[in-house]
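Here are my notes on the model you sent over. I've put them as numbered points so you can follow along with the structure open.

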Amino acid sequence: MYTNFLWHALLLLPTVYSQTSSSKRGLVYVPIEKYPSDDSIWVSASSDLTWYYNYETTPSSAFSNSPKLQFVPMLWGSSPTTFLADVTRQIEGGANISYVLGFNEPDGDMSTGGSNIPANTAAEIWQREIEPLKKMGVKLGAPAVTGAPTGHTWLQNFFTACNGNCSVDFIPVHWYGNFEGLASHIGQVRGTYPNKTIWITEYANSHVPLKDSQIFYNQSSQYFDRIE
């Protein structure tokens, strides 16, 4: 789902971190001109965020000179066709690009923020625009499918179409629903891809009162910090 709202993104690493501070924590954030003061929140001294993405290939101007937040480029959909060139240019310019993200909810409709790309088309684009970055030492995130059953099927079809030519270092996960569903979904993904690191790059308990949303966040963040 691609919106102008803020969603925490968390990286599940093989190490357990404390519940108060964790280098797992990142942010998906699209700056809004109407609220420029929001930008400073994420780079304040009290923030433990270490990385962010913005659904784009280049960093947000608000954070382009920030030493605190490492930028993670994303190839959102079937364009731009200059993704490889854009990321390569940043690396050659001295940017610390250690990770990139693949397509955003390719099994989803564009009306809900999905990039709506057939799995075989995505495999072709991946091999041309993303796979070459592996040789540059960049770790590659699989396409971030929806939490629906269609997402699981799409990702399996993607790997089939790749025919062994798509290197994936980690699996991004999206989930919109309650905590029990989130934990169950993560378990399914880890069971399907047992040798891959998991990144939670979008999640929320949508359309619930603030109190319930706060409870959900506390439950999920504590759960993420416990996962090895």
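1. Let's start with the sulfurs: which residue does a disulfide join to Cys162? The partner is Cys166, with the two sulfurs 2.0 Å apart. Keep in mind that this is a predicted model, so every value here is computed from predicted coordinates. A search of the whole structure turns up one disulfide. As a reminder, a disulfide is a covalent bond between the sulfur atoms of two cysteines. The link of Cys162 and Cys166 is left-handed, with -85° about the S-S bond. Are its two cysteines buried or exposed? Both Cys162 and Cys166 are buried.

2. Asn163 deserves a look while you're there. Asn163 sits in the loop between helix 3 (149–162) and strand 7 (170–176). Asn163 isn't a glycine, yet its phi is positive, at about 55°. Its relative accessible area is 64%, so Asn163 counts as exposed.

3. Now the overall layout. The protein chain has five helices and eight strands. Reading from the N terminus, the order is β-β-β-β-α-β-α-β-α-β-α-β-α. Of the 228 residues in the chain, 46% are buried. Among contacts with a separation of 6 or more, 69% are between residues 24 or more positions apart. The chain exposes about 11000 Å², and carbon and sulfur atoms supply 52% of that area.

4. The loop between strand 3 (51–53) and strand 4 (70–71) is worth zooming in on, starting with Asn54. Is Asn54 buried or exposed? Asn54 has 4% relative accessibility and the cut-off for buried is under 20%, so Asn54 counts as buried. What does its side chain reach? One polar partner is the backbone nitrogen of Glu56, at 2.9 Å. The side chain of Asn54 also makes a polar contact with the side chain of Ser60, at 2.9 Å. Leaving out residues up to four places away in sequence, Asn54 touches Tyr29, Val30, Pro59, Ser60 and Phe71.

5. Tyr55 is in that loop between strand 3 and strand 4 too. Tyr55 has a positive phi of about 70° without being a glycine. With a relative accessible area of 3%, Tyr55 is buried. Compare Asn163 from point 2: that residue also has a positive phi, but Asn163 is exposed.

6. Glu129 is one I'd check by eye. Glu129 belongs to helix 2 (residues 119–129). Its relative accessible area is 6%, so Glu129 is buried. Which backbone nitrogen lies 2.9 Å from a polar atom of the Glu129 side chain? That nitrogen belongs to Leu84. Setting aside neighbours within four places in sequence, Glu129 is in contact with Leu75, Thr81, Thr82, Phe83 and Leu84.

7. Past helix 2 comes Lys134, in the loop that leads to strand 6 (139–141). Lys134 has a relative accessible area of 32%, so this lysine is partly exposed. Not counting residues up to four places away in sequence, Lys134 touches Leu140, Ser167 and Asp169. Lys134 and Val100 are 34 residues apart in sequence, and their C-alpha atoms are 9.9 Å apart in space.

8. Last, helix 4. Helix 4 (residues 179–192) has 14 residues and spans 20 Å from first C-alpha to last, close to the 20 Å expected at 1.5 Å a residue. Which of its residues are buried? They are Phe179, Gly181, Leu182, His185, Ile186 and Val189. Why do these residues line one face of the helix? Seen down the axis of helix 4, the buried residues fall within an arc of 155°, so they share a face. The general rule behind such a pattern is that an α-helix has 3.6 residues a turn, so residues three or four places apart point the same way. The face turned away from the buried side of helix 4 carries the exposed residues Glu180, Ser184 and Gly191. At the start of helix 4, a side-chain oxygen of Asn178 comes to within 3.4 Å of the backbone nitrogen of Glu180.

Methods. Residues are numbered from 1 along each chain as its sequence is written. This is a predicted model: local features need pLDDT of at least 70, side-chain atom pairs count only at pLDDT 80 or more; totals for chains, interfaces and linings use all residues. Side-chain values use heavy atoms; hydrogens and water are left out. Helices (H or I, at least four residues) and strands (E, at least two) are DSSP runs, numbered from the N terminus. Buried means under 20% relative accessible area, exposed over 50%, partly exposed in between (1.4 Å probe, protein chains only). Contact means heavy atoms within 4.5 Å. Accessible areas come from the Shrake-Rupley method with a 1.4 Å probe; for residues, only the protein chains shown count as cover. A polar contact is a pair of N or O atoms within 3.5 Å; within protein, one must be able to donate a hydrogen and the other to accept it, and residues adjacent in sequence count only if both atoms are side-chain atoms. The expected span of a helix is 1.5 Å times one less than its number of residues. The arc is that of the directions from the helix axis to the C-beta atoms. A disulfide is a pair of cysteine sulfur atoms within 2.5 Å.
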